[in-house]
Number of protein chains: 2
Amino acid sequence: MESVVKTDRRILRTKQSITKSFLELFSEKDFEQITINEIAERANVNRGTVYLHYSDKYDLLDTCIEEHINELISLCTKREDDTVNQAMVQEPKPVFDYFREHFPFFSAMFSNQRAFLFRDQLLNFISVNLMIKMERPDNLPIIDNKIKAQFMASAFIGIVEWWIRHHMPQSTQFMADQVRNLFENNQVYPK
Amino acid sequence: MESVVKTDRRILRTKQSITKSFLELFSEKDFEQITINEIAERANVNRGTVYLHYSDKYDLLDTCIEEHINELISLCTKREDDTVNQAMVQEPKPVFDYFREHFPFFSAMFSNQRAFLFRDQLLNFISVNLMIKMERPDNLPIIDNKIKAQFMASAFIGIVEWWIRHHMPQSTQFMADQVRNLFENNQVYPK
DNA sequence: CGGGTTTTGTTGTATATGAAACAATTGCGT
DNA sequence: ACGCAATTGTTTCATATACAACAAAACCCG
């Protein structure tokens, strides 16, 4: 029995407004040029309210990134399959659907200099997942799994970045198929 | 010197949310089927808050209509021209631009049974404006101006309704030209 | 360098909104 | 007709947010 304390509607609304406003600005101009004034004004929120939820714009950026990373994680782990983290490798379509659904965010992340934070976290997340996947005993350890995981994770991020920056010309299904083939061919998981 | 008391940001935000939510629902289903619950839920606002601003959904509808009528009025009267109300007749493009800008609202109004309220108010507004225009002494009173105004106002509304219901196939400029010719040919104002 | 402007955090107080509970009413299916 | 469920207004209390003012820092610009 979990006592799920649902947060106040106003908080959710305000945070939504602020992050939306911030991400818009983030895709429009350089991060350093963005002021709290602008963010609050566009979000139609008092300036003080921004400080109520975020210590500064760096914290705001970190939070945005963290939330999406967490979403991706839960997306990959909430399968009925008892072996966690199989989702992204064996069925990547929901992941790509998520990318498409939150296009404004990922687009901003990939088109901005300050995206390295996001990139690192995402890459680390995927790398760890691939590691877990490859540590299954029936996989021949020809190459160091850690290196392999990094390699494959980078490849994955690269594909996603390209897809986002070109405004998602292919369907999520197509992308999912490509990625699945990629992982199969590199024996990330056994046939 | 006017002491302009600017309203609280929360009020503006909330009202915006509620009317937006309501108009969406209004274009989706019959007015009688819409509940306050739905409106509040979609607006992401507490149900009690709706009652804080509107007595019921009828009041909400009336308010929406009134606001847009007032917008149209100010659009037609804020010209530098000392003779008020010339705007709509001699330069109808801004009016059509307004229609296009607020397409969701007008579309809902013209596609719903309960639109008669709106239709009446709009028709009355235009009719009065035309009356003022025609009362200028250099207009020959062959036909009773009141009747003529009603006639022309109905014609105008009819054109707008058709345009909206067909998803605005023509440009606002084109529509404006058409209306101007219409009024010219019927001597609403002298050449 | 100097000085005006903008931005930043922070504070105190007023108020709008959220959440929950309630009785009264309406609606709907059987 | 009955009863169950949903909707409606209304209330009370808690709290998130608005607003205004402030000093300090950062930023321009001549």
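**Entry 1: the largest pocket**

I began with the lining of the largest pocket, to which H1(A) gives the most, with 12 residues. The model I am reading is a predicted one, and I keep that in mind for every entry below. The space in this pocket comes to about 1,000 Å³. I looked up its lining and found 32 residues, with Arg13(A), Gln16(A), Ser17(A), Thr19(A) and Lys20(A) lying nearest the centre. I then listed the elements that give two or more residues to this lining: from chain A they are helix H1 (9-28), helix H2 (36-43), helix H4 (57-77) and helix H7 (103-110), and from chain B they are helix H1 (9-28) and helix H2 (36-43). Sorted by class, the lining residues are 14 polar, 10 charged and 8 nonpolar.

**Entry 2: the two protein copies**

Next I asked how chain B can be laid on chain A. A turn of 180 degrees with a shift of 0.3 Å along the axis does it, leaving an RMSD of 0.2 Å. The two copies are thus related as by a two-fold rotation axis. I also checked which residues the copies use to meet, and noted that 100% of the interface residues of chain B are also interface residues in chain A, so the copies meet through the same surface.

**Entry 3: DNA strand C**

I turned to the protein around DNA strand C, where 21 residues are found, and those that come nearest are Arg10(A) and Arg13(A) from one chain and Thr14(B), Thr49(B) and His53(B) from the other. Of the atoms of this strand that come within 4 Å of the protein, 68% are accounted for by sugar and phosphate. I looked at individual side chains after that. An N or O atom in the side chain of Thr14(B) is 2.4 Å from a phosphate oxygen of DNA strand C, and for His53(B) the corresponding distance to a phosphate oxygen of the strand is 2.7 Å. From chain A, Tyr51(A) has a polar side-chain atom 3.4 Å from a phosphate oxygen of DNA strand C. The elements giving two or more residues to the surface near this strand are H1, H2 and helix H3 (47-53) of chain A, together with H1 and helix H3 (47-53) of chain B. Which element supplies the largest share of this surface? I found that it is H3(B), with 4 residues. The surface near DNA strand C holds 8 polar, 8 charged and 5 nonpolar residues.

**Entry 4: DNA strand D**

I repeated the search for DNA strand D, which is surrounded by 21 residues, the closest being Thr14(A), Thr49(A), His53(A), Arg10(B) and Arg13(B). Sugar or phosphate makes up 67% of the strand's atoms within 4 Å of the protein, and bases make up the rest. Among the side chains I checked, Thr14(A) places an N or O atom 2.4 Å from a phosphate oxygen of DNA strand D, while Arg13(B) places one 2.5 Å from a phosphate oxygen. For Asp8(B), the partner I noted is a sugar or linking oxygen of DNA strand D, 3.2 Å from an N or O atom of the side chain. At least two residues of the surface near this strand come from each of H1 and H3 of chain A and H1, H2 and H3 of chain B. H3(A) gives the most here, with 4 residues. By class I recorded 5 nonpolar, 8 polar and 8 charged residues in the surface near DNA strand D.

Definitions and conventions. Residues numbered from 1 in each chain as written. Chains lettered and ligands numbered in written order. Predicted model: local features only at pLDDT ≥ 70, side-chain atom pairs only at ≥ 80, totals over all residues. Heavy atoms only, no water. Least-squares fit on C-alpha atoms with pLDDT ≥ 70 in both. Contact = heavy atoms within 4.5 Å. 1 Å grid on protein atoms, 1.4 Å probe; cavity = no way out; pocket = protein on both sides within 12 Å on 5 of 7 lines; lining within 4 Å. Points joined across faces, edges and corners; volume = space filled by probe spheres on them. Nonpolar A, V, L, I, M, F, W, Y, C, P; charged D, E, K, R; others polar. Near = heavy atom within 4 Å. Polar contact = N/O pair within 3.5 Å; in protein donor to acceptor, adjacent residues only side chain to side chain.
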